[in-house]
Amino acid sequence: MLKIKKIKPMFTALITTMDKYEHDEIISGLIDPLKREGSIKEYQTVLSVGSMVKDIKVGDLVCINPTRFAVKKHKEGTLKDGIVKDNPVIQYNFDVIEMDGKQCLLLQDRDIDFIIEDWEEVQDEIPSALIKPANDIIV
């Protein structure tokens with residue numbers, strides 16, 4: 001078995017972290033469907049770059065564009081009355097590699113929308129509209 005610790009991608013490829021949301025993100029009291037628990041964050045850190053990648057360096061925080069990895073699938077509708085015959089679902093099939101025991105994304109430089117040069121973490125100040133009781137009671 002081969003345990004890969006470091007990879008240098010070829011030409012215009014680059015490797016980023018594969019950070020995922022740890023919990024559902026809530027915006028204005030509603031769960032954002034694009035930022036569900038377990039989904040890949042749109043901001044990743046660059047771990048390695050190919051020899052032809054320009055302007056992107058190791059350690060940069062980048063915004064990825066997942067459109068190239070989108071696959072539209074169709075599942076049968078769920079309404080019993082037959083109104084919904086087809087339910088289009090978009091799935092993302094990223095190129096995932098394992099490096100130093102962690103899952104990473106293998107991307108091309110065209111998959112990067114921009115480099116984030118300065119940022120700060122800001123907590124959402126709007127309280128959730130959903131109020132969960134302290135004790136869960138199943139009836």
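Here is a chat between two people about a predicted model.

Colleague: Let's start with the sheet. What is the order of the strands in the open sheet of 6 strands?
Modeller: Strands in a sheet pair through backbone hydrogen bonds, either parallel or antiparallel. In this open sheet the pairing is antiparallel. Going across, the order is β8-β9-β1-β4-β5-β10.

Colleague: Which strands stand at the edges of the sheet?
Modeller: Look for strands with a single partner, so that one side of each is left without a neighbour in the sheet. The two that fit are β8 (96–99) and β10 (112–116).

Colleague: And what does the twist average from one strand to the next?
Modeller: The sheet is open and has 6 strands. From each strand to the next, the twist averages 45°.

Colleague: How many bridges pair β1 with β9?
Modeller: Strand β1 covers residues 13–17 and pairs with β9 in the antiparallel sense. Within that pairing, Thr-16 sits opposite Leu-105 of β9. The bridge count for β1 and β9 is 5.

Colleague: On to β4. Which residue of β4 stands opposite Leu-14?
Modeller: β1 and β4 run antiparallel and are joined by 3 bridges. β4 is also joined to β5 by 3 bridges, again antiparallel, and there Thr-45 has Leu-61 as its bridge partner in β5. As for Leu-14, the residue opposite in β4 is Val-49.

Colleague: Which residue takes a positive phi in the hairpin of β8 and β9?
Modeller: β8 and β9 run antiparallel with 4 bridges between them, and Val-96 stands opposite Leu-105 in β9. The hairpin has 2 residues between the strands. The one with a positive phi, near 55°, is Asp-100.

Colleague: Is Glu-98 buried or exposed?
Modeller: Glu-98 lies in strand β8. Its C-alpha is 8.7 Å from that of Lys-3, although the two are 95 residues apart in sequence. The relative accessibility of Glu-98 is 51%, and the cut-off for exposed is over 50%, so Glu-98 counts as exposed.

Colleague: Now the inside. Which elements give two or more residues to the largest nonpolar core?
Modeller: That core has 13 residues, and those touching the most other members are Leu-14, Ile-56, Ile-64, Leu-107 and Ile-112. Leu-14, for one, touches residues including Val-46, Val-53, Ile-56, Leu-107 and Ile-112. The elements giving two or more residues are β4 (43–49), β5 (61–64) and β9 (102–108).

Colleague: How many disulfides does the count come to?
Modeller: Cys-63 is buried, at 8% relative accessible area, and Cys-104 is buried too, at 2%. A disulfide needs two cysteine sulfur atoms within 2.5 Å. By that rule the count is 0.

Colleague: What kind of aromatic pair do Tyr-92 and Phe-94 form?
Modeller: A pair of rings is described by the distance of the centres and the angle of the planes. Here those come to 6.4 Å and 25°. Planes under 30 degrees apart count as stacked, so Tyr-92 and Phe-94 are stacked.

Colleague: Is Tyr-92 buried or partly exposed?
Modeller: Its pair partner Phe-94 is buried, with a relative accessible area of 19%. For Tyr-92 the relative accessibility is 41%. Buried means under 20%, so Tyr-92 counts as partly exposed.

Colleague: Last one: which residues form the one aromatic cluster?
Modeller: The count of aromatic pairs is 2, and Tyr-92 with Phe-94 is one of them. The cluster is made of Phe-69, Tyr-92 and Phe-94.

Methods. Residues are numbered from 1 along each chain as its sequence is written. This is a predicted model: local features need pLDDT of at least 70, side-chain atom pairs count only at pLDDT 80 or more; totals for chains, interfaces and linings use all residues. Side-chain values use heavy atoms; hydrogens and water are left out. A nonpolar core is a set of buried Ala, Val, Leu, Ile, Met, Phe, Trp, Tyr and Cys residues joined through side-chain atoms within 4.5 Å. Buried means under 20% relative accessible area, exposed over 50%, partly exposed in between (1.4 Å probe, protein chains only). Contact means heavy atoms within 4.5 Å. Rings of Phe, Tyr and Trp (its six-membered ring) pair if their centres lie within 6.5 Å; planes under 30 degrees apart count as stacked, over 60 as edge-to-face and the rest as tilted. Two strands pair if DSSP finds at least two bridges between them. Axes are lines fitted to C-alpha atoms, for helices over the stretch in contact, and angles run from 0 to 180 degrees between N-to-C directions. Lists of a residue's contacts leave out its neighbours within four places in sequence.
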